[in-house]
Amino acid sequence: MMRIILLGPPGAGKGTQSQFISKEFGIPQISTGDMLRSAIAEGTELGKQAKGVMDAGGLVSDDLIINLVKERISKPDCANGCIFDGFPRTIAQAEALVDADIKIDHVVEISVPDDEIVSRLSGRRQHPASGRVYHVKYNPPKVEGVDDETGEPLIQRDDAQEDTIRDRLKTYHDQTAMLGGFYQDKSKAGGDAPEYHQFDGTQDIDVVKEQILSTLK
Ligand code: ADP
Ligand code: ADP
């Protein structure tokens, strides 16, 4: 059993690195952002409630997210663990994991300064069905505009406009950034707490991958 949390600002490379960790350890990636975007695409009640907040760069309510995550990790594919990508995003979400006795083994924080985030997020392209992430410059697909494995079209997300990116960064600094310190303190206290590790996310994708995988092994 291995449960991992990936922390970092939007665009830090959480989704990119999740895919490598998932392959290496055979555990699924749970991206609350991807789950919310599918709910929107399917037109469910959750999707309707989430859309406005997401387009404005804010956070979906803790209760909705916590229920979504609890339901997801009860599925059989999570029996050997999972990677949380984009969750928790508030102290309340982190506390909910403790209250529900969902034990975390590792917290991986990927740090990237704000000025780099904007160029990363405006060049990001995604294959919605698989969650695979590309970048027009830093990590281009083999053929422009299409997914390497399926040949299906890549999309740019609705929240990729520069002013929305700024709003999302503000939300991150106001509500999420403190989780790094939260887990760092817990890790130092030892006991049952997750181990905390920090990585410099401005390095090449392969370098970050190598550092994370060798730390987790
Ligand atoms: P990114 O990959 O850019 O960090 P995500 O795909 O994780 O963004 O999330 C997109 C949006 O979905 C967020 O801006 C937020 O509105 C919502 N969201 C995702 N995860 C959470 C969460 N754990 N708590 C609250 N809102 C969330
Ligand atoms: P997050 O899930 O944290 O929001 P992503 O994994 O979606 O971040 O990455 C954001 C964008 O930056 C994507 O277009 C991705 O291809 C690109 N990217 C990810 N890691 C790096 C890196 N180390 N160097 C340059 N670009 C990167």
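Here's a quick look at the aromatic contacts and one pocket in this structure. Keep in mind that this is a predicted model. It has 2 aromatic pairs, a lysine charge sitting over a phenylalanine ring, and a second largest pocket of about 550 Å³.

**Aromatic pairs**
- The count of aromatic pairs is 2.
- Phe-84 and Phe-87 make a tilted pair, because their planes meet at 55° with the ring centres 5.4 Å apart; tilted covers angles that are neither under 30 degrees nor over 60.
- Both partners are tucked away: Phe-84 is buried at 0% relative accessible area, and Phe-87 is buried too, at 2%.
- Phe-182 pairs up with Tyr-183 in an edge-to-face arrangement, with 90° between the planes and 5.0 Å from centre to centre.
- Phe-182 and Tyr-183 are both buried.

**Charge over a ring**
- Lys-209 places its charged end over the ring of Phe-20, 4.6 Å from the ring centre.

**The second largest pocket**
- This pocket holds about 550 Å³ of space.
- Its lining has 23 residues, and the ones closest to the pocket centre are Asp-34, Met-35, Arg-37, Ser-38 and Pro-128.
- Which elements give two or more residues to the lining? They are β2 (29–31), α2 (32–42) and α3 (45–55).
- The top contributor is α2, which supplies 6 residues to the lining.
- By residue type, the lining splits into 8 nonpolar, 7 polar and 8 charged residues.

How values were computed:
Residues numbered from 1 in each chain as written. Chains lettered and ligands numbered in written order. Predicted model: local features only at pLDDT ≥ 70, side-chain atom pairs only at ≥ 80, totals over all residues. Heavy atoms only, no water. Phe/Tyr/Trp six-rings, centres within 6.5 Å; stacked < 30°, edge-to-face > 60°. Buried < 20%, exposed > 50% of the residue type's maximum accessible area, 1.4 Å probe, protein only. Lys NZ or Arg CZ within 6 Å of the ring centre and 35° of its normal. 1 Å grid on protein atoms, 1.4 Å probe; cavity = no way out; pocket = protein on both sides within 12 Å on 5 of 7 lines; lining within 4 Å. Points joined across faces, edges and corners; volume = space filled by probe spheres on them. Helix = DSSP H or I, 4+ residues; strand = E, 2+ residues; numbered from the N terminus. Nonpolar A, V, L, I, M, F, W, Y, C, P; charged D, E, K, R; others polar.
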